Amino acid sequence: MVSGTKAVFLAAMLFTLHHIIALAAYTADWGVVLLGSLGVFIAGAVWSWCYLTYRTLWSSYISHILADLAIAIVGWHLLFG
């Protein structure tokens, strides 16, 4: 069993791994993949820490929805703005 800081790091790494694969499928620019992955890692660490602190997924769930909405808005403006 992994707990504390190690658990936060491991969860963030696995969350990031999934996103690296997805980002690499959409772009061949590894600079974009690395920069995006850094943001994903930080978000995954924050959400893991929130779970450890509050023992609920609601804060992570709601903030993930807001992050996805922000990314969708930026993407919309980049594509159609």
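How far apart are the end C-alpha atoms of helix α2, and what span should its 25 residues give? Let me start there. The expected figure is 36 Å, at 1.5 Å a residue. The end C-alpha atoms are 35 Å apart, which agrees. One caution before I go on: this is a predicted model.

So, α2. Helix α2 covers residues 30–54. Look at its start. Asp29 caps the N-terminal end. A side-chain oxygen of Asp29 lies 3.0 Å from the backbone nitrogen of Gly31.

Now the inside. Which residues of α2 are buried? They are Val33, Ser37, Val40, Gly44, Ala45, Trp47, Ser48 and Cys50. These buried residues pack against two helices, α1 and α3.

Take Ser37 from that list. Ser37 has a relative accessible area of 7%. Buried means under 20%, so Ser37 qualifies. What does Ser37 touch, leaving aside its neighbours within four places in sequence? Ser37 is in contact with Thr16, Ile20 and Leu23.

Leu34 tells another story. Leu34 is also placed in helix α2. Is Leu34 buried or exposed? Its relative accessibility is 58%. The cut-off for exposed is over 50%, so Leu34 counts as exposed. Here is a distance to find on the model. Leu34 and Ala24 are 10 residues apart in sequence. In space they are 9.5 Å apart, C-alpha to C-alpha.

On to α1. Helix α1 runs over 4–26. It has 23 residues. From first C-alpha to last, α1 reaches 34 Å. The expected value is 33 Å, so the two are close. The buried residues of α1 are Ala7, Val8, Ala12 and Thr16. They pack against α2. You have met Thr16 already, as one of the contacts of Ser37.

Next, the end of α2. Which residue follows the helix? Arg55 does. Arg55 sits in the loop between α2 and α3. Its phi is near 55 degrees. That is a positive value in a residue other than glycine. Arg55 is exposed, with a relative accessible area of 57%.

Past that loop we reach α3, residues 58–80. Here I want to talk about aromatic rings. How many aromatic pairs does the count come to? It comes to 5. Trp58 and Tyr61 form an edge-to-face pair. Their ring centres are 5.7 Å apart, and there are 85 degrees between the planes. Over 60 degrees counts as edge-to-face, so the label fits. Both residues lie in α3, 3 residues apart, about one turn of the helix. Trp58 is exposed, with a relative accessible area of 58%.

Then Trp76 and Phe80. Their ring centres are 4.5 Å apart. Their planes are at 50 degrees, so the pair is tilted. Trp76 and Phe80 also both lie in helix α3. They are 4 residues apart, about one turn of the helix. Both are exposed.

Let me recap. Buried residues of α2 pack against α1 and α3. Asp29 caps the N-terminal end of α2, and Arg55, with its positive phi, follows the helix. In α3, look for Trp58 with Tyr61, and for Trp76 with Phe80.

Definitions and conventions:
Residues numbered from 1 in each chain as written. Predicted model: local features only at pLDDT ≥ 70, side-chain atom pairs only at ≥ 80, totals over all residues. Heavy atoms only, no water. Phe/Tyr/Trp six-rings, centres within 6.5 Å; stacked < 30°, edge-to-face > 60°. Buried < 20%, exposed > 50% of the residue type's maximum accessible area, 1.4 Å probe, protein only. Contact = heavy atoms within 4.5 Å. Polar contact = N/O pair within 3.5 Å; in protein donor to acceptor, adjacent residues only side chain to side chain.
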